[in-house]
Amino acid sequence: MDSIWLLIKVTAPAGIGGTGLGGVIGALFKRDSVRTVSLLLSFAGGVMASIVCFDLIVSAIDTKINIYLISLGIAFGVFMVYLLNLFIDNTTNKEVQHIDKNHPATADDLDEIIHSNHLSEHLKKNDTKLSLFIAGVIMASAIALHNVPEGMTIGASFANNEGLMEGSALILAILIGLHNIPEGMAIAVPLINGGLKRRKAIFITALSGTPTIIGALAGYFLGDMGDLGLSMSLSFASGAMLYVIFGELLPQSILMYRSKLPAFFVIFGMLTGLIIINI
């Protein structure tokens, strides 16, 4: 029980605290630097990719479970998050005017990746409360798609460290907290611009980080069920995060800041992650 409370106490600041802090920044300034956010996402994506590839997946292999089963777990994690993300995109993108056949096949703005632009459109049109509620649920689902696997990597790594919050588990929690700051800004800004009071916007933004805790608990409980459970927890969480990193964060960061600099920040992030793992 002590281990579970420790996991919650560390994951909550990363999920709720990170997005909440982003919400406060968004409420105070109502704007963000596209270049800064792009480079922050690139660096965080690089570090997370390094930890997933050189630590979590390696730890899954070290359990001596069949490598094909581990590969299947990774592929399943990628596929599940992709399908859920595709469903949300296909449901909501048609309702936002600028997303058409000329738009990139992935998000090119921070608002799009969490679908806060979808909610903003309804607010501008003064749509019914039901429409706003549905838009809010969709936005929450889109955020959960990123926060749940992020939390799972913390939980799986925590289980791999035998209930100790150190090494990669602690670094992942810190990184995910930092990564959630720009996402929190993206949630709060359109809510405030749409007419929502700042306090309420910050509260909703902070609340959107809750799925990180749910993911962490799921990753930990699955990982605590012996070698097979640990390998599957590490594999699925790794696959889910790989899709979030390479299918969402990195394409988005490059589209937000069209230069070679995001690529260098990804490499710098991967090298940083490699050093962190081996310190």
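## Where α9 meets α10

In this predicted model, the axes of helices α9 and α10 come within 7 Å and cross at roughly 150°. Gly219, Leu222 and Gly223 are the residues that α9 brings to this contact, and α10 answers with Gly226, Gly229, Leu230, Met232 and Ser233. Sorted by class, the contact of α9 with α10 holds three nonpolar and five polar residues, with no charged ones.

Why do we quote both an angle and a distance? Two packed helices are described by the angle between their axes and by the distance between those axes. Keep that pair of values in mind as you look at the other helix pairs below.

## The chain as a whole

Let's step back for a moment. The protein chain has 11 helices and zero strands, so if you follow the elements from the N terminus on, you read α-α-α-α-α-α-α-α-α-α-α. The chain counts 279 residues, and buried residues make up 50% of them. Take the contacts between residues at least 6 apart in sequence: 82% of these join residues at least 24 apart.

How confident is the predictor? The chain averages a pLDDT of 79, and 83% of the residues score at least 70. Among the elements, α11 has the highest mean pLDDT, 88, while helix α4 (residues 110–113) has the lowest, 66. Where pLDDT is low, the predicted coordinates should not be read in detail.

## Helix α2 and its two partners

Now find helix α2, which spans residues 34–62, and helix α11, which spans residues 261–278. Their axes come within 7 Å and cross at roughly 40°. This angle makes α2 oblique to α11, and the crossing of the two is right-handed. On the α2 side, the contact residues include Ser38, Leu39, Ser42, Phe43 and Gly46. On the α11 side, Leu261, Pro262, Phe265 and Val266 are among them. By class, this contact has 13 nonpolar, seven polar and one charged residues.

How does α2 pack against α10? The angle there is about 155°, and the axes are 9 Å apart. That makes α2 roughly antiparallel to α10, because angles over 145 degrees count as roughly antiparallel. The crossing of α2 and α10 is left-handed, whereas the crossing of α2 and α11 is right-handed. The contact of α2 with α10 divides into 18 nonpolar and nine polar residues, with no charged ones.

## Three buried residues

Is Ser253 buried or exposed? Ser253 sits in helix α10 (residues 226–256), and its relative accessible area is 1%, so Ser253 is buried. Leaving aside neighbours within four places in sequence, Ser253 is in contact with Ser38, Leu41, Ser42 and Pro262. Two of those names may ring a bell: Ser38 and Ser42 of α2 also take part in the contact with α11, as does Pro262 on the α11 side.

Thr212 belongs to helix α9 (residues 211–223). With a relative accessible area of 0%, Thr212 is buried. Which residues does Thr212 touch, apart from neighbours within four places in sequence? They are Thr11, Gly15, Asn147, Gly151 and Asn180.

Gly73 lies in helix α3 (residues 67–92). Because its relative accessibility is 9%, and buried means under 20%, Gly73 counts as buried. Setting aside neighbours within four places in sequence, Gly73 is in contact with Ser235 and Phe236. Gly73 and Ser231 are 158 residues apart along the chain, yet their C-alpha atoms are separated by 8.4 Å.

## Two exposed lysines

Most residues other than glycine have a negative phi. What is the phi of Lys64? Lys64 has a positive phi of about 70°, although it is not a glycine. You can find Lys64 in the loop between α2 and α3. At 73% relative accessibility, Lys64 counts as exposed.

Lys200 is located in helix α8 (residues 198–207). Its relative accessibility is 51%, and exposed means over 50%, so Lys200 counts as exposed. Try locating Ala188 as well: Lys200 and Ala188 are 12 residues apart in sequence and 9.4 Å apart in space, C-alpha to C-alpha.

Key. Residues are numbered from 1 along each chain as its sequence is written. This is a predicted model: local features need pLDDT of at least 70, side-chain atom pairs count only at pLDDT 80 or more; totals for chains, interfaces and linings use all residues. Side-chain values use heavy atoms; hydrogens and water are left out. Axes are lines fitted to C-alpha atoms, for helices over the stretch in contact, and angles run from 0 to 180 degrees between N-to-C directions. Helices (H or I, at least four residues) and strands (E, at least two) are DSSP runs, numbered from the N terminus. Angles under 35 degrees count as roughly parallel, over 145 as roughly antiparallel, 65 to 115 as roughly perpendicular and the rest as oblique. A crossing is left-handed if the near helix is turned anticlockwise from the far one by less than a right angle, and right-handed if clockwise. Contact means heavy atoms within 4.5 Å. Ala, Val, Leu, Ile, Met, Phe, Trp, Tyr, Cys and Pro count as nonpolar, Asp, Glu, Lys and Arg as charged, and the others, Gly among them, as polar. pLDDT is the predictor's confidence in each residue, from 0 to 100. Buried means under 20% relative accessible area, exposed over 50%, partly exposed in between (1.4 Å probe, protein chains only).
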